[in-house]
Amino acid sequence: MGAYSQMPVFVPQKSMLLSLVLTFFFGPLGMFYSTILGGLVMLVAYVVIGILTLGWGLAVLHPVAMAWGAWAVHEYNGRAARRAVY
């Protein structure tokens, strides 16, 4: 064995399924699992759009939140894989 040996470093990944389930059931609060900034932005958007459209706009906003959460997990896992040392 040499003077320097590289130990494997494993970076935990987030679950795409968990992100989708949390966002489906809890809306922008579920997005906090995948992205804090996205959760805050969507929380404000849910309140504003919900008030302005008497709740009807949330039918459009909810799938957007789910897609954003899934994209955020995908990006996070990609960055984690690039940081990991095998």
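Which residue follows H1, and what is the sign of its phi? The residue is Gly-27, and its phi is positive, near 60 degrees. That is one detail of a predicted model. The rest of the chain can be read around it.

Start with the overall plan. The chain has four helices and zero strands. Read from the N terminus, the order of elements is α-α-α-α. The chain holds 86 residues, and 29% of them are buried. Contacts between residues at least 6 apart in sequence tell something about the fold. Of these, 55% join residues at least 24 apart. The exposed area of the chain comes to about 6,000 Å². Carbon and sulfur atoms supply 76% of that area.

Now go to the segment before H1, where Val-11 is found. Val-11 counts as partly exposed, because its relative accessibility of 22% falls between the limits of 20% and 50%. Its partners lie far along the chain. Val-11 and Arg-83 are 72 residues apart in sequence, yet their C-alpha atoms are separated by 7.4 Å. Setting aside residues up to four places away, Val-11 touches Ala-80, Arg-83 and Ala-84.

Asn-77 makes a similar link from the other side. Asn-77 sits in helix H4, which spans residues 58-83. With neighbours within four places left out, Asn-77 is in contact with Gln-13 and Lys-14. Asn-77 has a relative accessible area of 15%, so it is buried.

Next comes the start of H1. Here a side-chain oxygen of Ser-15 reaches to within 3.4 Å of the backbone nitrogen of Leu-17. Helix H1 itself covers residues 16-26.

H1 also meets H4. Ala-70 has its place in helix H4. Leu-20 is 50 residues away from Ala-70 in sequence, but the two C-alpha atoms are 6.4 Å apart in space. Beyond its neighbours within four places, Ala-70 is in contact with Met-16, Ser-19 and Leu-20. Is Ala-70 buried or exposed? Ala-70 is buried, because its relative accessible area is 16% and the limit is under 20%.

H1 has a surface role in the picture too. A nonpolar patch on the surface is formed by Leu-17, Val-21, Phe-24, Phe-25, Phe-26, Leu-29 and Leu-43. Together these residues have about 730 Å² of accessible area. Which helix gives the most to the patch? Helix H1 does, with five residues. Leu-43 belongs to the patch but has its place in helix H3, residues 36-52. Leu-43 is partly exposed, since its relative accessible area is 33%.

Move on past helix H2 (28-31). The loop between H2 and H3 holds Thr-35. The side chain of Thr-35 has a polar atom 3.1 Å from the backbone nitrogen of Gly-38. Thr-35 also touches Trp-68 and Ala-72, not counting residues up to four places away in sequence. Is Thr-35 buried or exposed? Thr-35 is buried, because its relative accessible area is 15%.

Then turn to the interior. The largest nonpolar core has five residues: Met-31, Met-42, Tyr-46, Leu-61 and Ala-65. H3 and H4 are the elements that give two or more residues to this core. Leu-61 shows some of the contacts involved. Apart from its neighbours within four places, Leu-61 is in contact with Met-42, Ala-45, Tyr-46 and Ile-49.

One more stop remains, in the loop between H3 and H4. Leu-54 has its place there. Its phi is near 55 degrees, a positive value in a residue other than glycine. Leu-54 has a relative accessible area of 74%, so it counts as exposed.

Put the stops together. The segment before H1 touches the chain farther on, through Val-11 and its contacts with Ala-80, Arg-83 and Ala-84. Ala-70 is in contact with Met-16, Ser-19 and Leu-20. The largest nonpolar core draws two or more residues from each of H3 and H4. On the surface, H1 gives five residues to the nonpolar patch.

Key
Residues numbered from 1 in each chain as written. Predicted model: local features only at pLDDT ≥ 70, side-chain atom pairs only at ≥ 80, totals over all residues. Heavy atoms only, no water. Buried < 20%, exposed > 50% of the residue type's maximum accessible area, 1.4 Å probe, protein only. Contact = heavy atoms within 4.5 Å. Areas by Shrake-Rupley, 256 points an atom, 1.4 Å probe, with all protein chains shown as cover. Patch = residues over 30% accessible without salt bridge, like charges linked within 9 Å, V, L, I, M, F, W, Y side chains within 5 Å. Salt bridge = Lys/Arg side-chain N within 4 Å of Asp/Glu carboxyl O. Core = buried A, V, L, I, M, F, W, Y, C linked by side-chain atoms within 4.5 Å. Polar contact = N/O pair within 3.5 Å; in protein donor to acceptor, adjacent residues only side chain to side chain.
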